[in-house]
Amino acid sequence: MFTTLRVLFIGLLAAWLFPLTAGWAAPAILPINELQAGMHGIGKTVVQGTKIEDFDVEILGIMKGKGAAGGDLILVRTSGDVINRTGGIAQGMSGSPVYIGGKLIGAIAYGWSLADHRVGMVTPIADMLKNLDITKPSVELIPPTEPDIKDEKLENAKPLTTPLMVSGYNSQTLQYLQTQLEPFHLVPFEVGDVPAGTQYGAIEPGSSIGVELVRGDVNIGALGTVTYVDGDKFVAFGHPFLQKGFVDFLATNAYIYTTVSSLDSPFKVGTTGDLVGTINQDRGTGIAGQLHQYPYIIPFRVSVTDQDLQRTVESDYQVVRDEALAPILGATGVYNTIQKAMDRDGGGTAKVSFEITGRGLPDEGVKRENLFYTPAKLSEISVAELHEALDMLTNNRFNPVDLFDVKVNVTVESARKTATLMSAKVASNAVVKPGDSVNIDVTLKPYRGASIVRTISYVVPKNQSTGSLMLEVRGGGMVPLTQMLLKRQGIDMDMLKPDKKLRSFSDQIDDFVHRDRNNDLVVEVLDTGAESGDTTAPSSTTAKNNHQQANLAQTAVMDQKLIGNDKKDKTSLATDYVIDGDAQVVLNVSK
């Protein structure tokens with residue numbers, strides 16, 4: 001019900017705030033088998049603002065089997081005033097419809113870099129229209145794959161690059177975003193907001209169209225050109241955007257600031273505009289969509305407070321529902337808000353908490369809080385765990401998840417809030433019985449501060465056997481010593497779990513939510529293989545490591561047993577510091 005209302009609200013809001021796009025009658029089509037070299041026609045595109053302009057097109061020939069899925073392409077030469085002004089076929093002209101004798105033959109889609117930019121290739125309209133007839137299966141559980149829009153059959157020709165225009169991001173975020181989007185072959189360009197009072201026309205052949213991935217206080221969208229409109233259905237681009245097949249992207253109109261001539265390839269500079277519908281197909285021959293219908297989105301609400309500047313920056317934005325892109329785009333928005341709040345680059349301490357709700361998740365949602373410190377790139381480390389959570393949820397192998405809401409709160413400061421664990425000792429008697437509660441005094445040395453003592457209680461397991469019980473006391477962000485030793489021997493700790501392949505989604509979420517935090521003091525069983533009666537801790541960590549390696553097999557068996565009961569055999573205490581270092585305590589368990 002919530003999801004239905006959410007989509008309905010988006011649709012009503014768009015209809016109220018933005019002008020509805022008018023329906024458009026489908027043009028007559030000229031089949032590719034009727035084309036001949038020497039035929040002349042026109043193409044339509046926008047090179048500045050929202051005005052559609054014509055350019056001249058000459059048919060040079062048919063390139064058999066060079067298109068997507070073995071289809072044909074039409075080789076053309078463009079000319080005229082528009083082409084003279086742009087310097088040739090530009091990035092962002094993808095989808096520009098081409099007509100011969102008033103009949104549509106297809107869309108400008110391919111060209112060559114560092115070559116004659118007036119020559120390009122057209123995707124036949126018949127191939128593009130097939131995308132309108134594809135029906136999405138009722139359940140799709142296809143794992144995301146890295147997109148690759150390169151077609152070796154085109155040899156040196158390539159799809160015209162789809163500019164990815166972003167607004168609302170600072171320069172540091174733009175660099176971060178570019179790195180994150182490298183696997184998708186997307187290059188973001190920073191642009192400004194649309195001039196006040198801009199009037200957008202209807203979505204029609206030749207008009208600019210945006211494929212928006214993020215919308216709100218920040219925006220990310222790709223630009224292209226509409227090829228064909230029939231009622232509320234349309235096709236565009238003439239080549240893939242990401243070639244993801246079934247998609248749910250936001251369709252918008254667009255405004256073009258200008259078209260820049262370039263030796264490599266001319267390109268349009270513009271920005272996405274009003275929401276007009278949904279992109280539901282992203283195929284080799286282009287994109288297809290529906291006007292006046294709107295996709296599901298993931299809302300993000302972010303609040304970042306900088307303790308040094310005593311100011312708070314908030315950000316609201318919506319991200320498309322895409323398993324591969326949503327974690328990246330959602331985390332990047334948080335990264336950007338942190339950057340704006342700090343107004344600096346570098347390190348510091350960040351306290352991050354987030355709550356994710358959605359269908360297919362526990363009723364209470366997925367909640368997590370942690371403390372981070374780094375001497376550099378504070379924004380990047382602050383969003384790492386959120387990115388991990390989003391990826392875990394959207395790409396889980398158990399069941400589909402529809403995220404309803406993501407709330408993120410971050411507090412940052414330049415101070416270094418770290419502490420080193422200096423020592424740990426039992427507060428009273430080291431002789432205990434199963435079920436006893438033992439207080440352990442832990443000495444911490446904060447960075448450039450006086451030592452402090454924190455006391456943490458540990459309950460001896462009721463089924464603990466008699467003899468020596470060695471406890472590891474460590475910071476929550478440190479890899480447990482036993483796990484490190486096993487890893488050095490080539491043993492994956494997770495593979496010791498007998499039910500690894502049978503674990504449920506709820507178990508996966510529970511492990512993430514309750515795993516150690518960087519600012520936790522953690523006490524856990526390190527080894528039960530020590531000989532009975534040994535009540536003294538090893539004299540050094542090195543000696544203990546040697547002892548552990550000598551008893552590796554026995555320790556591995558013990559850890560396998562404890563993995564399923566780690567909540568019972570481990571305890572933690574939250575502090576105000578990111579803790580490094582570890583110590584050991586040995587208890588003597590008697591009857």
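Me: By class, how many nonpolar, polar and charged residues make up the lining of the second largest cavity?
Reply: This is a predicted model, in which local features need pLDDT of at least 70 and side-chain atom pairs count only at pLDDT 80 or more, while totals for chains, interfaces and linings use all residues. Residues are numbered from 1 along each chain as its sequence is written, and side-chain values use heavy atoms, with hydrogens and water left out. The lining includes Ala 68, Leu 73, Tyr 110, Thr 123, Asp 72 and Asp 127, and in the classes used here Ala, Leu and Tyr count as nonpolar, Asp as charged, and Gly and Thr as polar. By class, the lining comes to three nonpolar, six polar and two charged residues.

Me: About how much space lies in the second largest cavity?
Reply: A cavity is a set of points on a 1 Å grid where a 1.4 Å probe fits but cannot get out, and its lining residues have an atom within 4 Å of a point. The structure holds four cavities of 30 Å³ or more. For the second largest cavity, the space is about 40 Å³.

Me: Which strands stand at the edges of the open sheet E24-E23-E21-E28?
Reply: Strands here are DSSP runs of at least two residues, and two of them pair if at least two bridges are found between them. Within this mixed sheet of four strands, E21 (residues 418-426) and E23 (residues 437-446) run antiparallel and are joined by seven bridges, with Thr 420 opposite Lys 445. Two strands have a single partner each, so one side of each is left without a neighbour in the sheet: E24 (452-459) and E28 (578-580).

Me: How many residues apart in sequence are the parts that Asp 322 and Lys 244 tie together?
Reply: Asp 322 and Lys 244 form a salt bridge, with closest N and O atoms 3.3 Å apart, where the rule asks for a Lys or Arg side-chain nitrogen within 4 Å of an Asp or Glu carboxyl oxygen. Asp 322 is in the loop between strand E17 and helix H5, and Lys 244 in the loop between strands E12 and E13, so the separation of the joined parts is 78 residues.

Me: Is Asp 322 buried or exposed?
Reply: Buried means under 20% relative accessible area, exposed over 50%, and partly exposed in between. Glu 388, at 36%, is partly exposed, as is its salt-bridge partner Arg 515, which has 30%. Asp 322, at 10% relative accessibility, counts as buried.

Terms used. On a 1 Å grid over the protein atoms alone, a cavity is a set of points where a 1.4 Å probe fits but cannot get out, and a pocket is an open set with protein on both sides within 12 Å along at least five of seven lines; lining residues have an atom within 4 Å of a point. Grid points are joined across faces, edges and corners, and a volume is the space filled by probe spheres set on the points. Buried means under 20% relative accessible area, exposed over 50%, partly exposed in between (1.4 Å probe, protein chains only).
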